[in-house]
Amino acid sequence: MQRLVAPSLLAADFTNLKRDIEIINNSEADWLHMDIMDGVFVPNISFGIPVVEAVHSISEKPLDVHLMIVQPERYIETFKNAGAHLLNVHYEACSHLHRTIESIHNSGMKAGVTLNPHTPVQLLEEIITDLDLVLIMSVNPGFGGQKFIPGSFEKIRKLKELILKKNSKALIEVDGGVDDTNAKALAEAGVDVFVAGSYVFKSENPAEAIRKIKYPV
Ligand code: DX5
Ligand code: ZN
């Protein structure tokens with residue numbers, strides 16, 4: 001399967017958001033990743049629903065929305081209406097994960113579950129066949145520009161095994177500290193979707209940075 005790249009808007013220049021979205025529109029990026037933080041589930045607050053709506057109105061790429069919020073089930077319809085294509089909820093934030101995934105699907109979106117670095121992939125054993133995607137956090141969520149946690153490789157390999165064993169169609173997405181130095185090894189470990197914030201938006205040439213992740217040498 002071809003690898004997908006989802007630049008994370010968190011690292012964009014918010015005083016030039018339209019320009020940065022147009023850069024992504026004109027690039028080989030596949031999705032646009034949007035990080036929603038509530039200051040409770042994670043120790044930071046990012047942007048909210050009006051920003052998702054505004055971005056949706058000019059983005060030509062599907063929106064991959066990563067909810068770092070408590071009780072994400074309260075906002076499923078809201079994010080659907082704001083333009084989310086795929087909704088990622090954290091395993092650690094959901095007491096009734098099965099019901100939440102069902103609600104995301106019923107609202108017409110793709111459903112992903114995100115795992116914090118300490119959360120084992122084995123916990124997904126009973127739900128993996130219901131998922132469109134699993135997002136492995138390769139940093140502790142809350143901030144861009146952090147260092148990639150090397151143990152994520154082993155976790156991605158274990159997740160790939162679980163997906164194959166259960167015959168699940170779930171894609172593997174990785175988020176945090178992704179750049180051209182680890183993209184190739186991550187793809188070999190089983191990653192399908194690469195989220196990259198700082199590496200893309202802080203680079204001189206974001207479109208080229210996206211290509212370097214998509215076609216690493
Ligand atoms: C972190 C966010 C990431 C972040 C990645 O909580 O989920 O999406 O934007 O940023 P980089 O690629 O800079 O590590
Ligand atoms: Zn994210």
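This tour moves through a predicted model, from the whole chain to one helix, its neighbouring strands and an annotated pair of aspartates.

**The whole chain**

Begin with the entire protein chain in cartoon form, where eight helices and eight strands can be traced. Along the principal axes, the C-alpha trace spans about 45 × 40 × 30 Å. A compact globule of 217 residues would have a radius of gyration near 17 Å, and the 16 Å of this chain agrees with that. Colouring by burial will show that buried residues make up 45% of the 217 residues. Contacts may be displayed next: among those between residues at least 6 apart in sequence, 65% join residues at least 24 apart.

**Strand β4 and its partners**

Select β4, residues 84-90. Six of its seven residues are buried, so the strand is largely enclosed by the rest of the structure.

Add β3, residues 63-68, which pairs with β4 in the parallel sense over five bridges. To locate this pairing, pick valine 65, whose bridge partner in β4 is leucine 87. Now include α3, residues 76-82; β3, α3 and β4 together make a right-handed β-α-β unit.

Turn next to β5, residues 110-115. The pairing of β4 with β5 is also parallel and involves five bridges. Here the residues to pick are asparagine 88 and glycine 112 of β5, which stand opposite each other. A right-handed β-α-β unit is again found, made by β4, α4 and β5.

**Helix α4**

Select α4, residues 97-106, and show its side chains. Which of its residues are buried? They are Leu97, Thr100, Ile101 and Ile104. These four cover an arc of only 100° around the axis, which puts them on the same side of α4.

What covers that buried side? The cover includes α3, β4 and β5, and β4 and β5 are also the strands that form a β-α-β unit with α4. Rotate the view to the face turned away from the buried side, which carries the exposed residues His98, Arg99 and Asn106. Just after the helix, select glycine 108, which takes a positive phi of about 95°.

**The annotated aspartates**

Finally, select Asp35 and Asp175, where an unreviewed UniProt entry places the feature "active site". The two positions span 141 residues in sequence, yet their C-alpha atoms are no more than 10.6 Å apart, so they gather at one spot.

Centre on aspartate 35, in strand β2, residues 32-37. Is this residue buried or exposed? It has 25 C-beta neighbours inside 10 Å and therefore counts as buried, the threshold being 20 or more. Leaving aside neighbours within four places in sequence, show its contacts: Ser8, Leu10, Ser46, His66 and Met68.

Move to aspartate 175, which is found in strand β7, residues 171-175. With 25 C-beta neighbours inside 10 Å, aspartate 175 likewise counts as buried. Beyond the four nearest places in sequence on either side, its contacts are His66, Leu135, Met137, Ser138 and Val195.

End the tour by selecting His66, which is in contact with aspartate 35 and also with aspartate 175. Strand β3, already displayed for its pairing with β4, covers residues 63-68, and His66 can be found within that range.

Technical notes. Residues are numbered from 1 along each chain as its sequence is written. Chains are lettered from A and ligands numbered from 1 in the order in which they are written. This is a predicted model: local features need pLDDT of at least 70, side-chain atom pairs count only at pLDDT 80 or more; totals for chains, interfaces and linings use all residues. UniProt positions are given in the numbering used here, feature names are shortened, and annotations may be inferred rather than shown by experiment. Helices (H or I, at least four residues) and strands (E, at least two) are DSSP runs, numbered from the N terminus. A residue is buried if 20 or more other C-beta atoms lie within 10 Å of its own, exposed if 12 or fewer, and partly exposed in between; C-beta atoms are placed from the backbone. Two residues are in contact if their C-beta atoms, placed from the backbone, lie within 7 Å. The arc is that of the directions from the helix axis to the C-beta atoms. The radius of gyration is taken over C-alpha atoms; the globule rule is 2.2 Å times the number of residues to the power 0.38. Two strands pair if DSSP finds at least two bridges between them. A crossover is right-handed if, with the strands pointing away from the viewer, the path from the first strand over the helix to the second runs clockwise.
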